[in-house]
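Trainee: I have a new model open and would like to learn how to read it. Where do we begin?
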Amino acid sequence: MSTSLRHRLRGPAVACLAASCALLLAACGSEQKETTTTSARIAPAQTTATGGPTATGSASASPSGSASPRLTDDQAERQRLVPATKVTWDKAVQTAVATVPQGKLVETELAWAPPNATASGSATASASPSVSPGASASASPSEGTGARTPAWHTSVATADGTLHDVWVDGVSGKVISDRPDADQDAEDKQELADRLKRTTVTPEQAVQTATQDDKGTVTAVELDDDAWSVDVVDTSSWDKTTYEVSTTERRVLRQEVDRD
């Protein structure tokens, strides 16, 4: 075979070989690219799966739990006691004062009724069978049948200063008990009688003065030396504000907010 013929045959062969190599390289590059692409798709999925429980746990957190402040013991007690009470302070005072001849209010405060007390004025001999023996004595009515009821603990004085201790049921409005205060002596009675004579602002007027800008719930009214002390509870925050109103003129002397 001549030299020129060999050159003519070698040219196409080399060209075919070059084309085959190019195809092989392209295929390898395509496979490598596919592998890289596949790996790139898998990696984010694995990361998402790994981080999934953490993201879910975070999303399940209650927004209201973090936004709502924790109540103090006193605030929580007001939150239980105030909504359970159906009789307002003034209705309870009317009932208490009516039990004492020529009686005048000295103090009333919302509290839980004495254990096992009944609206008839007597106490039951034993706890209700539905009450658990381990139940707390300060249980609220919402905690089950037989639980204690809210009541207004009221002190009413006669003209000579003799005090009567009167409990009025905060749900039914009936008198639970009425008994004279055994701890008074003659001097105590005279001092109280003199204080009542000096007092020209009624408890109703004192409460009206205290609540003219505060529309909360009145939970206590007490006659001090020179002022009526009026407690008003804010039922949105369960804070308590105490107003001191002059006993001789309708004006607020002092006020203090209890956020505990």
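Mentor: Begin with the second largest pocket. Keep in mind that this model is predicted. The residues of that pocket's lining divide into six nonpolar, one polar and six charged.

Trainee: How does a program find such a space, and what volume does the second largest pocket have?

Mentor: Rolling a probe the size of a water molecule over the atoms shows where empty space is left. Here, the second largest pocket has a volume of about 260 Å³. Its lining counts 13 residues, and the closest to the pocket's centre are Arg 78, Leu 81, Glu 109, Leu 110 and Lys 240.

Trainee: Which elements give two or more residues to that lining?

Mentor: One helix and three strands do: helix H3 (73-84), strand E1 (104-112), strand E5 (217-223) and strand E6 (227-233). H3 gives the most, with five residues.

Trainee: Glu 109 is among the residues closest to the centre. Where is Glu 109 placed?

Mentor: Look in strand E1. Glu 109 counts as partly exposed because its relative accessibility is 39%, between the limits of 20% and 50%.

Trainee: Which residues does Glu 109 touch, leaving out those up to four places away in sequence?

Mentor: The list is Ala 151, Trp 152, His 153, Thr 219 and Ala 220. Take Trp 152 as an example of distance. Glu 109 and Trp 152 are 43 residues apart along the chain, yet their C-alpha atoms are separated by 5.5 Å.

Trainee: How do I view contacts like that across the chain?

Mentor: Ask how far apart the partners are in sequence. Among contacts between residues at least 6 apart, 55% join residues at least 24 apart.

Trainee: And the overall order of elements: how many helices and strands does the chain have?

Mentor: Six helices and eight strands. Read along the sequence, the pattern is α-α-α-α-β-β-β-β-α-α-β-β-β-β.

Trainee: Next, the inside. What share of the chain's 260 residues counts as buried?

Mentor: The share is 30%. As for the outside, the accessible surface comes to about 16000 Å², and 54% of that belongs to carbon and sulfur atoms.

Trainee: Which residues have the most contacts inside the largest nonpolar core?

Mentor: They are Trp 89, Trp 152, Val 218, Val 221 and Val 230, in a core of 34 residues. Follow Val 230 first. Setting aside residues up to four places away in sequence, Val 230 touches Ala 206, Val 207, Ala 210, Val 218, Ala 220, Thr 241, Thr 242 and Tyr 243.

Trainee: What about Ser 229: is it buried or exposed?

Mentor: Ser 229 lies in strand E6. Its relative accessible area is 12%, under the 20% limit, so Ser 229 is buried. Beyond its neighbours within four places, Ser 229 is in contact with Ala 220, Val 221, Glu 222, Asp 224, Thr 242 and Tyr 243.

Trainee: Can you show me a buried residue in a helix?

Mentor: Try Ala 92, in helix H4. Its relative accessible area is 0%, so Ala 92 is buried. Not counting residues up to four places away, Ala 92 touches Val 87, Trp 152 and Val 168. Ala 92 and Val 175 are 83 residues apart in sequence and 8.8 Å apart in space, C-alpha to C-alpha.

Trainee: Now loops. Where is Glu 249 found?

Mentor: Glu 249 sits in the loop between strand E7 (240-246) and strand E8 (252-258). With a relative accessible area of 38%, Glu 249 is partly exposed. Compare its position with Thr 199: the two are 50 residues apart in sequence, and 9.3 Å separates their C-alpha atoms.

Trainee: Last topic: backbone angles. What should I look for in phi?

Mentor: Most residues other than glycine have a negative phi. Look for exceptions. Gln 102 has a positive phi, near 55 degrees. Trp 238 also has a positive value, about 65 degrees, although it is not a glycine.

Trainee: Where does each lie, Gln 102 and Trp 238?

Mentor: Both are in loops. Gln 102 is in the loop between helix H4 (89-98) and E1, while Trp 238 is in the loop between E6 and E7.

Trainee: And which is exposed or buried, Gln 102 and Trp 238?

Mentor: Gln 102 is exposed, at 68% relative accessible area. Trp 238 is buried, at 10%.

Terms used. Residues numbered from 1 in each chain as written. Predicted model: local features only at pLDDT ≥ 70, side-chain atom pairs only at ≥ 80, totals over all residues. Heavy atoms only, no water. Core = buried A, V, L, I, M, F, W, Y, C linked by side-chain atoms within 4.5 Å. Buried < 20%, exposed > 50% of the residue type's maximum accessible area, 1.4 Å probe, protein only. Contact = heavy atoms within 4.5 Å. Helix = DSSP H or I, 4+ residues; strand = E, 2+ residues; numbered from the N terminus. Areas by Shrake-Rupley, 256 points an atom, 1.4 Å probe, with all protein chains shown as cover. 1 Å grid on protein atoms, 1.4 Å probe; cavity = no way out; pocket = protein on both sides within 12 Å on 5 of 7 lines; lining within 4 Å. Points joined across faces, edges and corners; volume = space filled by probe spheres on them. Nonpolar A, V, L, I, M, F, W, Y, C, P; charged D, E, K, R; others polar.
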